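Got your viewer open? Let's take a walk through some aromatic rings, one selection at a time.

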Amino acid sequence: MKFRNFFYAFFLFSTMLLTTFILYNNKSYSYGISKQISVENGKKVIEYAEIGNDGHISFEDAHKYFNVPIYEQMYYNGETIYFDKGQETDYHTYIKGTEAERADNDALLYGKNAYRVHTTKEFIHAFDDIYQNLKIGEFHIIFSKYEPIDLNQVKSYYDEHYGVKNVHQNYYTYQEKGLWEPDRFSFDISNVNRNGELVLSTINIRLSGNERVILEDFVNKLIPYLNKGTDYEKILAAYTYMINTSYYFVDNGFTNDFLASYTSAYDSLIAKGTNCIGYSIGFSYLMDKMGIESYIVDQVTQVNEVEHIFESVHTYNVVKLENKFYKVDLTGKSFLTAINNNELYDNALNISSTNYMGNKNISIDYDSINKILSSSKSIKTTTTKRVEGTTTIKNYPYTMPKDNNRKDTTNIVKTSIVTTKDESGNTVTVPVEISESGEIITNSRGKYEIITENTTKEKEKNKEKTRINYNYILIPLLILGLITLFILSIKDKKKKKEEQKKE
């Protein structure tokens, strides 16, 4: 009997102790908060209180669980008071802080397609990270107008490396034009500064990361078969090889071909189907590999800076031989011909007014080259050539600085969800896999036309709010305890009655 009483007492005591612990730690903050201003040591502070519970909560908890902003303004005795993390501050600090907070939140909204930059150097490195890694999609470079960013310097760097200095410029090196079509009209500084954001669409990237791996592997093995003899023989070998191993893809105009992706060195040297742009880019790439100066030339017919219109009807090459430049047009099978004075937008090159005369017979080992081509094409890659808006972040020599709103850029996304359109034009959400080389792996349908792929800040905040609700443990435990005590008390009464009967 004494043992049963001891057990009852121990059970009740344990239940009460556990209940007290749970109640003490059960801070779910589910009722909202109230705010009021008080004065401490001559400075005004905001006191945060949980509605429905006694006691104040810290700014950190108010910010974490109720999304209280870091910077606030409140009215006190007829005047506006500014606060930084619940502590009084000046207007200048407040306005700089709210703008930075706006930029941070926008970066969260766009997720991995956002670059939150704070300095001119970071802005420039964002360009390099996107273009040098051939990231295809829509990217948002976000900043605060109060941060030390020189947009004139940013624009100058962008125009020099990824665009043109003069919209009428019509010839480029492979490094300037080979991987992407230069942006002729760049961006408007005042508009970017007003929005605190540069939206950068990289549809002008013509080569994917996977294609570059295959292309470089093949060309590095191809060059020894072409790089023999004089500069003339090197040029002739590259020209002869390309016109004998690739075919002209019948186009529907510059814009359609550009978007259809028949304009890269990969298309002319690996896929073998290209147009005039792909021919000239592939040829210039081979010239670079053999150390011969060459340029890709657009035959520009119209440039309208006001309406941002640019038209080019043909693309070919000029190549340097014996200190003079000659035209090489693979599409028209024209080799080392004269250049007219009005063909290039300036007179910087020493152009030849006469054709170059030379023997056009050269021997090329096509069988051996075809074997190395097959070997290079077998390199394990994805099937994707053009994908809009990938979420992949690839490793790059420069790593963007870490902060609370940006994850480590060296991580590689393995899977993702994209919103796209099916064959009937219906909007659907589908899962995709992403390879280690940074491309979305297509299914039997082929390409994805991604409409949107943003991580919303609401989702991020919901993750922050996820906490254990101890009520789900406490209530069943109390009910179980009461039921147990009730059953034990009934059994105890029965035993008492049985003992009384025996007596």
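Start by selecting W180, a buried residue with 3% relative accessibility. Keep in mind as you click around that this is a predicted model.

Now add Y162 to your selection. Y162 is buried too, with a relative accessible area of 1%. How far apart are the ring centres of Y162 and W180? They sit 5.2 Å apart, and the planes make an angle of 55°, so this pair is tilted.

Next, colour the backbone around them. Y162 belongs to helix α5 (residues 151–162), while W180 is in the loop between α6 (174–177) and α7 (189–195), so the pair ties together parts that are 18 residues apart in sequence.

Stay here and widen the selection: Y162 and W180 are members of a cluster linked by ring pairs, along with F123, F127, Y131, F143, Y157, Y158 and F187.

Time to move on. Pick Y171 and Y345, another tilted aromatic pair, with 5.7 Å from centre to centre and 50° between the planes. Which parts of the chain does this pair link? Y171 is in strand β9 (residues 171–172) and Y345 is in the loop between β16 (334–337) and α13 (366–377), distant parts that are 174 residues apart. Switch on the surface: Y171 is buried, at 7% relative accessible area, whereas Y345 is partly exposed, at 34%.

For a last stop, select Y316 and K327. Here K327 lies over the face of the Y316 ring, 4.7 Å from its centre.

Want to keep hunting? A search of the whole structure turns up 24 aromatic pairs.

Definitions and conventions: Residues are numbered from 1 along each chain as its sequence is written. This is a predicted model: local features need pLDDT of at least 70, side-chain atom pairs count only at pLDDT 80 or more; totals for chains, interfaces and linings use all residues. Side-chain values use heavy atoms; hydrogens and water are left out. Rings of Phe, Tyr and Trp (its six-membered ring) pair if their centres lie within 6.5 Å; planes under 30 degrees apart count as stacked, over 60 as edge-to-face and the rest as tilted. Helices (H or I, at least four residues) and strands (E, at least two) are DSSP runs, numbered from the N terminus. Buried means under 20% relative accessible area, exposed over 50%, partly exposed in between (1.4 Å probe, protein chains only). A charge sits over a ring if NZ of Lys or CZ of Arg is within 6 Å of the ring centre and within 35 degrees of the ring normal.
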